[in-house]
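Dear colleague,

I am passing on the structure we spoke of, together with some notes on what was found in it. Please read the notes with the coordinates open beside them.

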Amino acid sequence: MFTGIIEELGTVEALDLLDGDAARLTIRGPKVTADAGHGDSIAVNGCCLTVVSYGDGLFTADVMRETLQRTSLGAVEKGSKVNLERAVTAHSRLGGHIVQGHVDGTGTIASRTPSEHWEDVRIAAGPEILKYIAEKGSITVDGVSLTVVDVDDVSGTFGISLIPTTLELTVLGTNRVGDTVNLEVDVIAKYVERLLVAGGTR
């Protein structure tokens with residue numbers, strides 16, 4: 001489990017495709033690898049990946065076809081910057097919200113509107129994602145825990161606001177209009193829907 005508080009901007013060193021349906025991703029992240037061990041979980045742009053090998057500030061993880069198809073990780077290349085977060089421990093502060101690292105789908109940055117002290121960003125997403133997003137609720141965008149400003153079902157977008165720290169310390173500061181971002185909705189919303197369906201109330 002994660003909290004959506006990015007610890008470090010990592011750099012992709014290699015993305016090696018394996019038999020066309022999987023890949024091996026090597027990332028430089030000195031901070032998140034400082035206490036890494038084989039089998040540990042590290043979120044990469046919001047995707048929970050398992051450490052296969054590590055050393056000298058690098059770690060390697062295998063990425064299966066499901067992850068390549070459902071997330072933006074298949075499009076990264078050598079030199080790409082990625083958000084990194086180690087799994088939370090029982091002694092960590094829950095600074096963001098409960099993040100599983102299980103990406104539900106992707107969205108597209110529809111617009112960016114800078115202001116003096118923050119930046120308003122709108123993200124386009126499909127109805128299968130938007131139905132779980134609520135105004136003033138939580139959303140994970142490329143692994144970053146954010147508060148939803150508003151949801152517009154007509155335009156198929158939702159709004160977030162980015163403070164200077166988020167702009168400086170995460171990939172959201174450099175993403176451009178048209179870029180793809182990973183989205184994970186609040187897990188509580190998914191469980192509520194499942195319970196309602198199983199109970200026959202929908």
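The notes below go through the annotated spans, the strand pairing and one patch on the surface.

Please bear in mind throughout that this is a predicted model. The UniProt record, an unreviewed entry, places the feature "domain: Lumazine-binding" at residues 1-97 and again at residues 98-196. Over residues 1-97 the chain is 6% helix and 45% strand, with the end C-alpha atoms 10 Å apart. For residues 98-196 the figures are 20% helix and 39% strand, and here the end C-alpha atoms lie 21 Å apart.

Within the span 1-97, strand S3, which covers residues 41-44, pairs with strand S4, residues 47-55, in the antiparallel sense and over four bridges. Val 44 has Cys 47 of S4 as its bridge partner, and the hairpin that S3 and S4 form has two residues between the strands, where Asn 45 takes a positive phi near 50 degrees. Strand S3 is also joined to strand S6, residues 81-86, by three bridges, and these two strands run antiparallel as well; in this pairing Ile 42 stands opposite Arg 86 of S6.

Turning to the later strands, there is an open sheet of seven strands, whose order is S10-S9-S13-S7-S8-S12-S11 and whose pairing is antiparallel. Its edge strands are S10 (144-147) and S11 (150-152), each of which pairs on one side only. On average, and with direction ignored, neighbouring strands of this sheet are turned by 40 degrees against each other. One of its pairings is that of strand S9, residues 138-141, with strand S13, residues 180-185, where three bridges join the antiparallel strands and Val 141 stands opposite Leu 183 of S13. As a general reminder, strands of a sheet pair through backbone hydrogen bonds, either parallel or antiparallel.

Finally, there is a nonpolar patch of about 270 Å² on the surface, made by Met 1, Leu 94 and Ile 98. Of these residues, Ile 98 sits in the loop between S6 and strand S7 (105-114), and residue 98 is also where the second of the annotated spans, 98-196, begins in the record. Why is Ile 98 classed as partly exposed? Its relative accessible area is 38%, and the class of partly exposed lies between the limits of 20% for buried and 50% for exposed, so Ile 98 falls into that class.

With best regards

Notes:
Residues numbered from 1 in each chain as written. Predicted model: local features only at pLDDT ≥ 70, side-chain atom pairs only at ≥ 80, totals over all residues. Heavy atoms only, no water. Pairing = 2+ DSSP bridges. Axes fitted to C-alpha atoms, helices over the stretch in contact; angles between N-to-C directions. Patch = residues over 30% accessible without salt bridge, like charges linked within 9 Å, V, L, I, M, F, W, Y side chains within 5 Å. Areas by Shrake-Rupley, 256 points an atom, 1.4 Å probe, with all protein chains shown as cover. Salt bridge = Lys/Arg side-chain N within 4 Å of Asp/Glu carboxyl O. Buried < 20%, exposed > 50% of the residue type's maximum accessible area, 1.4 Å probe, protein only. UniProt positions renumbered as here; feature names shortened; annotations may be inferred.
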